[in-house]
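Hi everyone, thanks for coming. I'd like to walk you through the aromatic contacts in this one, so let's have it up on the screen.

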Amino acid sequence: MSAVTATISEGEMDAARAKPALRNEGARLGFRLTLPAQILVLFISAFPLLMQLYISVTDWSPLSGTGWWNAWSMWNSFANYTDLAADTRFWSALKRTAIVMVVCVPAEFLLGLALATLFADEFPGKRIFYSILLMPMMVVPAVAGYMFFMLFQSGGPVNDILSSLTGHPVTIAWLSDPTLALIAVMVADIWQWTPLMFLILLAGLVGVPEDQIKAATLLGANPWQRFATIVLPKMKTIIIIALAIRVIENFKIFDTLYIMTGGGPGVATETISVYIYKLTTQDLIWGYVAAIALAILIVLSIAAVFAMKRMARTRELVA
Amino acid sequence: MKRSIPFEIFRYAMILVAMTVTLIPILWMMSMAFKPIAEWSATGADLTWWPKDPTLSNFQFVFGESTNNLIVALDRNALKPILSSLLSAVFGTAIAMSAGTAAAYGLSRFGSGQNLPLALIQLRLFPPMAVMIPVMIMWAFLNFTDSWWGLSLVYGIVTLPFAFWLMKTFFDDVPREIEEAALVEGCSRLRVFTRITLPMMRAPLASAALFVFILNWSDYLIALLLTTREWVTIPVYMASLSSSMTGQLYGAKAALGLIAAVPPVIMGIAIQRHLVRGLTFGALKQ
């Protein structure tokens with residue numbers, strides 16, 4: 001290519017010939033630039049997935065005394081998958097994950113929306129309040145877990161506040177009661193992630209054209225009507241994105257919860273991630289864990305395809 | 001828009017409530033970190049909200065000096081976990097940012113790697129716990145377990161989606177006229193990228209890097225699985241702090257928690273403007 005272009009003097013080179021040459025150079029560079037990312041993605045997806053699939057049909061464990069490549073000698077056909085269907089601890093962990101999600105995500109959404117509405121226009125002190133209200137989402141989740149672990153101790157600040165509010169000493173053992181422990185971890189999740197909802201929804205709210213709201217005001221719409229007929233429809237895509245992000249992240253809930261309760265008391269706060277973690281590090285039945293993990297990945301992938309189509313459409317709308 | 005006084009009062013009252021709820025856990029940890037043992041181990045009626053007798057002994061303790069004979073000095077101090085957190089987060093950020101920035105430019109300008117956006121979002125979708133078994137096996141095989149570089153590599157891959165998406169939205173927003181002018185001047189495409197575009201993108205690059213750093217620094221689960229003793233990170237080390245005499249070492253844990261919490265909070269406030277883009281994979285432009 002370069003030999004050809006070199007023989008043609010610059011004056012003779014017309015645009016039609018120059019463009020493909022440039023385009024080729026661009027294509028080559030583009031390919032090279034994306035290569036490292038492609039390799040990293042492949043490294044963490046394709047090969048591990050195959051390995052996971054392989055181990056999931058065996059009884060292999062790190063204690064079995066043989067390398068994972070010899071796991072075929074422990075082939076158990078699909079016993080791991082049939083065990084999964086009968087594993088009540090798995091299903092209750094899944095149910096618990098769903099309960100946490102159903103409580104936390106709407107709570108974070110409504111609180112975030114309320115805050116965003118308060119912050120929609122300018123007022124003195126806005127910037128500093130905004131910065132402080134966003135702080136929880138930047139606190140390391142494990143540290144947040146430890147904060148709430150301290151707060152919910154039976155002689156801790158939460159009970160101290162309750163004592164002064166009610167007038168007599170309160171000594172609730174939050175983290176050792178099955179129901180209260182679940183409530184405590186949900187409080188921690190809501191504390192940490194409401195700011196994210198607030199941030200995203202405020203970004204959306206600011207993007208609603210002000211002249212439309214003004215027009216509606218002139219036409220005599222009250223604040224609630226303005227909100228329901230103009231603001232809400234305009235924010236539909238943003239709301240979907242915000243909810244999708246929290247649903248996905250909330251499904252993975254681990255750090256905060258595990259530091260606070262370790263999944264306990266008993267299995268009262270054991271979510272899917274905590275259950276898999278315990279199987280991986282305490283029971284060490286890796287063949288079974290691989291099967292559970294794959295089952296979850298398959299279900300999530302199907303959900304992802306739907307979500308992604310939606311996201312792609314919203315991106316076009318926003319862009 | 002017109003303001004009514006009752007609304008303003010309502011607004012400030014609500015913000016005050018939200019600020020109180022937001023700040024109580026943070027302030028409690030700060031207060032615990034500066035309390036001497038008699039105060040941080042107090043419960044119920046003896047609880048003190050502010051340290052009456054502020055001390056740095058908790059910080060001294062986590063760095064290996066015990067000032068109280070109730071608690072035996074640690075056999076190892078927090079310096080190594082801090083170093084481990086720092087090294088793995090910094091190198092993880094370097095991996096994610098270099099691969100992510102290059103790929104973002106490749107896709108934004110030349111349309112290469114069309115599969116990446118989807119693949120990278122999918123990477124983010126799965127619970128880390130569900131993909132860690134093969135990684136643990138691979139890392140044991142490669143002898144990467146319990147090393148800061150092994151941790152860096154996983155961090156780099158896990159945060160690659162954020163680096164890529166942030167940089168892609170930034171590149172998409174940059175007008176191409178300057179690049180085209182440089183091309184006409186005879187610059188090669190690569191030179192345009194390294195000498196013209198990247199220097200122009202210094203500020204966005206910095207915010208994306210800070211954002212990725214916060215994510216890496218915040219990890220607990222991956223470090224918990226991939227490190228055992230030598231290169232545990234701050235959160236893992238923090239969780240292990242307890243003594244046979246007093247049980248949970250509240251003061252020391254709070255001191256360490258404060259050390260872990262401060263950098264991301266400061267960085268987060270510095271890059272607030274870009275947080276929405278980062279967290280929504282650029283689906284929302286701000």
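**Aromatic pairs and charges over rings**

Over all chains there are 37 aromatic pairs, where rings of Phe, Tyr and Trp (its six-membered ring) pair if their centres lie within 6.5 Å, with planes under 30 degrees apart counted as stacked, over 60 as edge-to-face and the rest as tilted. Take Phe129(A) and Tyr12(B): the ring centres are 6.2 Å apart and the planes are at 70 degrees, so this pair is edge-to-face. Phe129(A) is in helix α5 (residues 126-134) of chain A and Tyr12(B) is in helix α1 (residues 5-33) of chain B, so the pair joins two chains; helices here are DSSP runs of H or I, at least four residues, numbered from the N terminus.

A quick word on the model: it is predicted, so local features need pLDDT of at least 70 and side-chain atom pairs count only at pLDDT 80 or more, while totals for chains, interfaces and linings use all residues. Residues are numbered from 1 along each chain as its sequence is written, chains are lettered from A and ligands numbered from 1 in the order in which they are written, and side-chain values use heavy atoms, with hydrogens and water left out.

Back to our pair. Phe129(A) is buried, at 18% relative accessible area, and Tyr12(B) is partly exposed, at 30% (buried is under 20%, exposed over 50%, partly exposed in between, with a 1.4 Å probe and protein chains only). Both belong to one aromatic cluster with Phe119(A), Phe123(A), Tyr130(A) and Phe198(A).
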